[in-house]
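Below are some notes for a colleague at the bench, set out as numbered points to be read beside the model. Please keep the sequence and the structure open while going through them.

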Amino acid sequence: MFGGTGFVGRRVAHHLRGSGATVRIASRHPRRAEGDSLEQIAANAHDERSVEAAVAGADGVVNAISLYVEHGLDTFHSVHVEAAARIAKAARRAGTKRFVHLSGIGADVGSPSPYIRSRGEGEAAVQTAFPGAVIIRPAVMFAPDDAFLTTILRLLRSLPAYPMFGDAYEELLRTIARSAGLRPVLMRMPFAFWNAVAGLAEILPQPPLTRNQVELMQIDSMASENRPGFRTLGISPRSLEEELEAMLKPSKIQTQKTLTPGKG
């Protein structure tokens with residue numbers, strides 16, 4: 001598995017281990033192995049020999065590598081297209097039975113956005129290199145350790161007024177605020193403003209917002225009813241409200257302990 005140390009990759013690896021599979025996580029900075037069913041190996045998706053060594057003997061290969069901000073040689077094209085194709089080709093040559101490629105909702109080879117276009121080109125490259133590859137297009141995903149809900153919650157609690165992407169996400173923001181017991185002032189801001197903010201944020205080591213994310217906000221990213229979804233994959237997703245309750249539960253318990261007077 002490539003990208004197995006990321007937000008999605010960690011969960012995929014955990015699921016595979018739970019099904020009894022032995023998981024080999026290939027990354028440039030491998031961590032210490034956790035048990036006999038999880039193997040961590042050093043591999044560079046930009047190096048063909050390294051990739052071939054990583055997939056050798058694998059029954060299935062998952063590519064969950066993604067990039068939101070370009071850094072030097074790590075460009076959208078080199079990661080989403082070239083590296084994805086390299087991994088798919090190596091998997092096919094190694095006789096791998098199944099190949100799963102994690103792309104993104106809205107991927108489009110005709111998009112003017114370099115990020116969105118590279119996602120679409122990556123899908124095409126993978127399907128050419130490994131006919132029958134499974135392409136998965138997730139939308140925004142959330143969990144207690146994500147960079148989405150946790151960021152929104154922190155900002156809702158700290159900002160006197162919360163800026164919104166045009167008319168987008170108002171229902172989402174109000175749902176999050178209601179779950180956290182907040183009553184924020186929401187301000188609609190033009191996408192030009194967000195592009196400028198994201199451009200400045202990209203200077204940071206781990207930017208909370210990128211221009212490519214802003215571009216994704218401007219397109220329809222609803223799942224198509226004509227495509228197989230959660231039911232086909234046997235997945236029962238948790239609702240936003242359920243996840244928020246799980247995220248907020250520790251802080252609510254701590255608040256109750258603080259407000260409840262001690263005995264004696």
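1. Strand S1, made up of residues 23-27, is mostly covered, since 4 of its 5 residues are buried. Please bear in mind from the start that this is a predicted model, and that every value in this note is to be read in that light. S1 is joined to strand S2 (residues 38-42) by 5 bridges, and the two strands run parallel. Within this pairing, Ser 27 stands opposite Ala 42 in S2.

2. The next point concerns the nonpolar interior. In soluble globular proteins, nonpolar side chains tend to be buried together. The largest nonpolar core here has 21 residues, and the members that touch the most other members are Phe 2, Val 61, Ile 87 and Phe 99. Two or more residues of this core come from each of helix H2 (48-55), helix H3 (76-93) and helix H4 (114-129), and H3 gives the most, with 6 residues. Another core lies apart from this one; it has 16 residues, among them Leu 149, Leu 172, Leu 173 and Leu 244.

3. Which residues does Val 61 contact, once its neighbours within four places in sequence are left aside? The list consists of Phe 2, Val 55, Ile 87, Ala 91, Thr 96, Arg 98, Phe 99 and Val 100. It is worth reading this list beside the core described above, where Phe 2, Ile 87 and Phe 99 are named together with Val 61 as the residues touching the most other members.

4. Is Ser 118, in helix H4, buried or exposed? With a relative accessible area of 2%, Ser 118 is buried, because that value falls under the 20% cut-off. Leaving aside its neighbours within four places in sequence, Ser 118 is in contact with Phe 76, His 77, His 80 and Val 81.

5. Turning to charged pairs, a search of the whole structure finds 9 salt bridges. One of them joins Arg 93 to Glu 48, with the closest N and O atoms 3.2 Å apart. This pair links distant parts of the chain, as Arg 93 is in helix H3 and Glu 48 is in helix H2, 45 residues apart. Both partners are partly exposed, Arg 93 with a relative accessible area of 45% and Glu 48 with one of 42%. The pair also belongs to a network of salt bridges, in which Glu 48, Glu 52 and Arg 93 are linked.

6. A salt bridge within one helix is found in H6 (residues 170-179), where Arg 174 and Glu 170 lie 4 residues apart, about one turn of the helix. Their side chains meet at 3.1 Å, N to O. Arg 174 counts as partly exposed at 40% relative accessibility, and Glu 170 is likewise partly exposed, with a relative accessible area of 23%.

7. The side chains of Glu 243 and Arg 238 meet in a further salt bridge, at 3.5 Å from N to O. Here the two partners fall into separate classes of accessibility: Glu 243 counts as buried at 7%, whereas Arg 238 is partly exposed, with a relative accessible area of 47%.

8. The backbone at Tyr 169 deserves a look, as this residue has a positive phi of about 65° although it is not a glycine. Tyr 169 lies in the loop between strand S6 (161-165) and H6, and at 28% relative accessibility it counts as partly exposed.

9. On the surface, Phe 230, Leu 233 and Ile 235 form a nonpolar patch, which together has about 300 Å² of accessible area. Phe 230 is placed in helix H9 (residues 230-233), and this residue is partly exposed, with a relative accessible area of 48%.

10. The last point concerns Gln 206, which lies in the loop between helix H7 (191-201) and helix H8 (211-217). Gln 206 is exposed, because its relative accessible area of 73% is over the 50% cut-off. In sequence Gln 206 and Val 69 are 137 residues apart, whereas in space they are 9.2 Å apart, C-alpha to C-alpha.

Methods:
Residues numbered from 1 in each chain as written. Predicted model: local features only at pLDDT ≥ 70, side-chain atom pairs only at ≥ 80, totals over all residues. Heavy atoms only, no water. Buried < 20%, exposed > 50% of the residue type's maximum accessible area, 1.4 Å probe, protein only. Patch = residues over 30% accessible without salt bridge, like charges linked within 9 Å, V, L, I, M, F, W, Y side chains within 5 Å. Areas by Shrake-Rupley, 256 points an atom, 1.4 Å probe, with all protein chains shown as cover. Salt bridge = Lys/Arg side-chain N within 4 Å of Asp/Glu carboxyl O. Core = buried A, V, L, I, M, F, W, Y, C linked by side-chain atoms within 4.5 Å. Contact = heavy atoms within 4.5 Å. Pairing = 2+ DSSP bridges.
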